[in-house]
Amino acid sequence: MSIEKIVKNNLCTGCGVCISEDGSGSSYMDWNDDGFLIPKTTPISDLKSMEKVCPFNLENKYDEDYLAKKFLNNYKYSDDALGLYTSLYAGYSVEYRNTSSSGGMATYVFEKLLLANHVEHLFIVKEINGRYGYQLFSSVEKIKEISKTRYYPVTLESLFSEIEKLDGRVAVSGIACFIKAIRLKQLVDATLREKIPFLIGIICGGLKSKYYTDFLAQSAGCHAEYTTPEYRVKNAESYASDYKFTCKEKSNDRIHVVEMQRLGDMWGTGLFKSNACDFCDDVTTELADISLGDAWIKPYNQEGLGNSIIIARSQLAADIVFSGIENGELILDIIDDKQAKASQQGSYNHRHKGLLYRINDAERNKKCFPRKRSRFLVKQNMVFNLVQKERLVTRAKSISIWRETKEIKLFNERFKPYLIMLYKKTNMNHRYIRIRQKLRNFIGLNK
């Protein structure tokens with residue numbers, strides 16, 4: 001097996017950690033035709049070493065269960081779906097909620113890590129010339145520059161070369177696969193456990209192609225070059241899922257806006273999503289010290305300013321959150337494991353319940369796939385699997401059709417039949433679930 005095989009089978013999410021393991025220094029990250037960042041290797045690249053830190057390593061000797069117990073200490077609870085954790089909350093940061101995408105918790109944790117000298121630097125995503133990428137921060141004053149969600153491919157390619165030049169410790173934020181890659185790197189180099197003592201996990205619905213932002217910009221009416229895309233412009237008078245996308249036309253500074261609800265479901269349909277995400281079984285960034293996501297459950301999803309789900313895993317994370325509650329900086333409710341899982345139920349349905357179908361589909365088509373945790377490989381009914389089949393189609397077609405058209409009207413015309421088919425199969429599955437529930441109630445199985 002090699003990193004090239006992983007890339008060839010579209011199992012790379014562009015984390016870029018593999019670049020740090022190439023002793024030849026000849027590999028680098030670059031865009032592929034589908035709008036994702038992938039490693040470009042050369043004949044002298046050290047492919048075997050690079051593969052060791054890949055989160056989608058085809059052998060997967062070190063899964064999330066193994067790595068969590070290796071790196072997370074003093075946890076109190078263990079859950080098959082949530083992972084290891086110490087405390088669960090839902091709510092928001094008083095100071096950072098208004099300027100953040102949901103409850104402002106990520107920005108709050110970043111600030112506290114710096115102020116308490118738990119770390120001296122942050123490696124997090126920021127806008128760079130109208131697009132996004134990881135940058136180093138060491139200043140609390142600039143903390144508000146990083147408090148927005150970005151649905152745009154980024155890479156950790158420069159993280160470890162930057163760390164070599166730095167005095168002090170670094171906290172890093174990332175989605176599940178990025179966090180796993182860092183943990184695998186820390187297995188290879190134990191000194192990095194002290195250098196990177198804290199990881200902030202951002203709960204992710206799927207990594208989007210860079211074409212997704214172009215799709216949104218044109219949907220907002222901007223067909224020219226644009227800058228400063230904002231993916232989650234909140235409506236304080238409405239509810240959490242009622243938000244807008246905006247961007248600024250570069251030539252005249254005109255702001256273009258589109259209501260996201262008008263565009264339909266961007267997540268359940270898999271539009272512009274990486275194929276690798278369909279082989280990820282880590283819904284809640286199980287390997288981070290703290291995991292943060294949107295609170296998509298009542299009553300929290302009824303508030304337009306947004307709320308966060310907080311899964312404090314390490315003791316330090318739990319202490320930071322508890323201190324914030326005590327001094328009034330955080331307005332949080334304690335929640336239970338059922339509420340935490342319900343907040344990400346759509347992702348669990350897709351990633352866990354649909355995983356066996358996608359693995360079987362890959363086998364039928366002689367494609368490679370990483371080993372996954374066996375408890376998530378559960379057979380589902382035929383109607384549910386039909387939905388999974390159509391999601392594979394819409395995911396792939398959204399990228400290929402945009403690549404061919406790069407124009408919103410033509411894209412919508414050509415893509416519409418695939419969406420209609422997916423919606424039909426989804427509605428069929430919903431009807432099946434309702435009928436099955438009624439039958440179970442009738443014969444007394446749910447009493």
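This report walks through a few helices, one sheet and some single residues of the structure above.

First, some ground rules: this is a predicted model, where local features need pLDDT of at least 70, side-chain atom pairs count only at pLDDT 80 or more, and totals for chains, interfaces and linings use all residues. Residues are numbered from 1 along each chain as its sequence is written, and side-chain values use heavy atoms, with hydrogens and water left out.

Names such as α13 or β10 come from DSSP runs: helices are H or I runs of at least four residues, strands are E runs of at least two, and both are numbered from the N terminus.

**Helices that pack together**

Two packed helices are described by the angle between their axes and the distance between the axes. Axes here are lines fitted to C-alpha atoms (for helices, over the stretch in contact), and angles run from 0 to 180 degrees between N-to-C directions. An angle under 35 degrees counts as roughly parallel, over 145 as roughly antiparallel, 65 to 115 as roughly perpendicular, and the rest as oblique.

Let's start with α13 (residues 382-405) and α14 (residues 408-442), whose axes come within 9 Å and cross at roughly 170°. That's why α13 and α14 are roughly antiparallel to each other. Their contact involves 17 nonpolar, 5 polar and 6 charged residues. For these classes, Ala, Val, Leu, Ile, Met, Phe, Trp, Tyr, Cys and Pro are nonpolar, Asp, Glu, Lys and Arg are charged, and the others, Gly among them, are polar.

Helix α14 also packs against α8, at an angle of about 110° and with the axes 10 Å apart. So α8 is roughly perpendicular to α14. Here the contact has 3 nonpolar, 3 polar and no charged residues. Contact means heavy atoms within 4.5 Å. Phe215, Gln218 and Ser219 are on the α8 side, meeting Ile408, Phe411 and Asn412 in α14.

**A serine in α13**

Is Ser398, which sits in helix α13, buried or exposed? Ser398 is buried, because its relative accessible area is 0%; buried means under 20%, exposed over 50% and partly exposed in between, using a 1.4 Å probe and protein chains only. Leaving aside neighbours within four places in sequence, Ser398 touches Gly270, Leu271, Phe272, Phe411 and Phe415. Its side chain also reaches the backbone oxygen of Arg395 at 2.8 Å. A polar contact is a pair of N or O atoms within 3.5 Å; within protein, one must be able to donate a hydrogen and the other to accept it, and residues adjacent in sequence count only if both atoms are side-chain atoms.

**A small sheet**

Three strands make an open sheet in the order β10-β11-β12, with antiparallel pairing. β10 (226-234) and β12 are the edge strands, each pairing on one side only. From one strand to the next, the twist averages 20°. Strands pair if DSSP finds at least two bridges between them, and β11 and β12 are joined by 5. Cys247, for instance, has His256 in β12 as its bridge partner. Helix α8 (residues 211-219) lies across β10, β11 and β12, at about 85° to β10.

**Backbone oddities in loops**

Two residues other than glycine have a positive phi:

| Residue | Phi | Loop |
|---|---|---|
| Asn10 | near 55° | between α1 (3-8) and β1 (28-31) |
| Asp253 | near 65° | between β11 (243-249) and β12 (255-259) |

Asn10 is partly exposed, with a relative accessible area of 38%. Lastly, the peptide bond from Lys298 to Pro299 is cis, with omega near 0°, and Pro299 is in the loop between β13 (290-294) and β14 (308-312).
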